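User: I would like to go through a structure by question and answer, with the cut-offs stated as they come up.

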Amino acid sequence: ITPTSFQFLGQPRQASTDRKVHSTIIGGGLGFLVRDDLCPQPLKLPMYSSFEIFAIDVKSGSSKLTIFNVYRPPNSSHSKSFSTFLSEFGSVLSSIASLPHNFVLTGDFNIHVNDQSNTQASQFLDLQASSNLQQHVSSPTHSSSNTLDLVITSCQSTLSPVISISAASLSDHFLA
């Protein structure tokens, strides 16, 4: 089902070994559908307990871009604490801050960044600001009118993402 001149790079979701959760969590994972001429290369990243992350490098001419895809499960009885997420995600931000080229962080963070009164959103946005990052999605990305799916770059980035949201989707998340 991959279109001609494209390739799919994927990272399946790891099965849970937490006995409080059902014996395993089946399905899911992260992936990229990328044009062949961008020479995508998957990166080896550590595993985190509070979110999934997968990254690739792509090249166009002499330019290189690293794209990080993140999935943080929604708050529930089986997800890690938000403070664990902030700590683990903060370590990711520290490591990517030293990249010598542009990067994009994207994915489903399951944080209502549009809600100014949401404590988790405030903490996440503070972490983002202290890491000199900017979030580019300003419209709801979920059927409940929240902004959960984000596109984040460095404030010094030469990238200028243009985000377009479409509610035409088979999911409870919108197309971006």
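User: Which residues line the largest cavity?

Analyst: This is a predicted model, in which local features need pLDDT of at least 70 and side-chain atom pairs count only at pLDDT 80 or more, while totals for chains, interfaces and linings use all residues. Residues are numbered from 1 along each chain as its sequence is written, and side-chain values use heavy atoms, with hydrogens and water left out. A cavity is a set of points on a 1 Å grid over the protein atoms alone where a 1.4 Å probe fits but cannot get out, and lining residues have an atom within 4 Å of a point. The lining consists of Ser50, Arg72, Pro73, Ser79, Lys80, Ser81 and Phe85.

User: How much space lies in the largest cavity?

Analyst: The search of the whole structure finds 1 cavity of 30 Å³ or more. Grid points are joined across faces, edges and corners, and a volume is the space filled by probe spheres set on the points. The space in the largest cavity comes to about 30 Å³.

User: Which element gives the most residues to the largest nonpolar core?

Analyst: A nonpolar core is a set of buried Ala, Val, Leu, Ile, Met, Phe, Trp, Tyr and Cys residues joined through side-chain atoms within 4.5 Å; buried means under 20% relative accessible area, exposed over 50%, partly exposed in between (1.4 Å probe, protein chains only). The largest core has 23 residues, and Phe85 and Phe89 are among those with the most contacts inside it. Elements supplying at least two residues each include β4 (52-60), α1 (82-96) and α2 (119-130); helices (H or I, at least four residues) and strands (E, at least two) are DSSP runs, numbered from the N terminus. With 7 residues, the element that gives the most to this core is α1.

User: Which residues does Phe85 touch, leaving out those up to four places away in sequence?

Analyst: Phe85 also belongs to the lining of the largest cavity. Contact means heavy atoms within 4.5 Å. By that criterion, the residues touched are Ser50, Phe51, Arg72, Gly90, Phe109, Ile111 and Phe124.

User: Is Cys39 buried or partly exposed?

Analyst: Cys39 is found in the loop between β2 (29-35) and β3. This residue has a positive phi of about 45 degrees although it is not a glycine. Its relative accessible area is 44%, so Cys39 is partly exposed.

User: What pLDDT does the chain average?

Analyst: pLDDT is the predictor's confidence in each residue, from 0 to 100. In the chain, 81% of the residues score at least 70. The chain average is 85.

Methods. On a 1 Å grid over the protein atoms alone, a cavity is a set of points where a 1.4 Å probe fits but cannot get out, and a pocket is an open set with protein on both sides within 12 Å along at least five of seven lines; lining residues have an atom within 4 Å of a point.
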